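Today I'm looking up aromatic rings and what sits around them. Here is the structure I have open.

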Amino acid sequence: MIRAVVFDVGECLVDETREYGTWADWLGVPRHTFVAQLGAVIAQGRDYRDTFRIFRPGFDLYLERERRAAAGCPEVYGEEDLYRDVRPALARLRADGLWLAIAGNQTVRSGAILRRLFSGDVDLIGTSDDWQASKPDPAFFERVAEAVPAQPDEIVYVGDRLDNDVLPAAHAGMQTALIRRGPWGWIQQHDPVADRATFRIDSLGELPDLIARANAEGS
């Protein structure tokens with residue numbers, strides 16, 4: 001039985017188009033050029049932070065986030081940046097009796113935004129800064145397993161990335177849902193290991209029926 005669903009943040013719940021654009025602006029790079037380079041880095045299987053270093057050698061993402069905040073340009077997103085299927089899917093899953101959480105590689109600042117947006121919709125919000133463990137480190141998924149009141153194989157972890165979401169969550173014994181959106185979702189979709197995902201979806205709106213069907217078959 002699937003009893004809990006845990007969601008990644010970027011390109012699962014939040015459309016990061018605006019954030020990529022503001023980083024391009026911060027670096028003084030045309031937005032389309034920055035996004036094109038990001039896609040190339042992802043396709044090559046490299047760390048996405050290499051995108052920044054191509055335009056600014058020695059770039060430190062943590063330090064630059066603090067510099068942006070000090071300059072009055074902190075990371076920011078709101079209701080307008082959520083994918084349109086997010087609210088209906090959360091409401092349906094909760095109505096179906098599932099325990100819900102949000103857990104991703106996010107800063108303390110981003111965690112505060114998530115709590116403002118979703119505290120009434122989910123049972124737990126956890127971030128890598130909260131837990132001092134980042135995906136794909138197994139310690140991150142150990143923290144997820146500890147926080148969720150279900151066995152690992154009763155948890156579905158939902159994300160857009162094979163390397164950060166599907167594979168490490170599966171290794172931790174969880175079921176997984178790979179959503180095809182955002183740079184990673186589209187670029188990694190044809191990787192053979194994508195078939196290791198329990199579910200492959202194009203919208204969060206597909207999840208409630210898939211989970212209900214899986215539970216009915218399991219029972």
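Before I start, one cut-off: a residue is called buried when its relative accessible area is under 20%. Also, I'm working with a predicted model, not an experimental one.

**Entry 1: the ring pairs.** I looked up the aromatic pairs, and the structure holds 10 of them. I picked Trp23 and Phe59 to begin with. Their ring centres are 5.8 Å apart and their planes meet at 75°, so I noted the pair as edge-to-face; the cut-off for that label is over 60 degrees.

**Entry 2: where the two rings come from.** Trp23 belongs to helix α1 (residues 17-27), while Phe59 is in the loop between α3 (50-55) and α4 (61-70), so this pair ties together parts 36 residues apart in sequence.

**Entry 3: buried or exposed?** I wanted to know which word fits Phe59. Its relative accessibility is 6%, so Phe59 goes down as buried. Trp23 is buried too, at 5%.

**Entry 4: another partner for Phe59.** Phe52 also pairs with Phe59, and this pair is stacked, with 4.8 Å from centre to centre and 15° between the planes. I checked Phe52 as well: with a relative accessible area of 4%, Phe52 is buried.

**Entry 5: the cluster.** Which residues do the ring pairs link into a cluster? I wrote down Trp23, Phe34, Tyr48, Phe52, Phe55, Phe59 and Trp184.

**Entry 6: charges over rings.** Back at Trp23, I found the charged end of Arg68 sitting over the ring, 4.5 Å from its centre. I also noted Arg181, which lies over the face of Tyr83 at 3.9 Å from the ring centre.

Definitions and conventions. Residues are numbered from 1 along each chain as its sequence is written. This is a predicted model: local features need pLDDT of at least 70, side-chain atom pairs count only at pLDDT 80 or more; totals for chains, interfaces and linings use all residues. Side-chain values use heavy atoms; hydrogens and water are left out. Rings of Phe, Tyr and Trp (its six-membered ring) pair if their centres lie within 6.5 Å; planes under 30 degrees apart count as stacked, over 60 as edge-to-face and the rest as tilted. Helices (H or I, at least four residues) and strands (E, at least two) are DSSP runs, numbered from the N terminus. Buried means under 20% relative accessible area, exposed over 50%, partly exposed in between (1.4 Å probe, protein chains only). A charge sits over a ring if NZ of Lys or CZ of Arg is within 6 Å of the ring centre and within 35 degrees of the ring normal.
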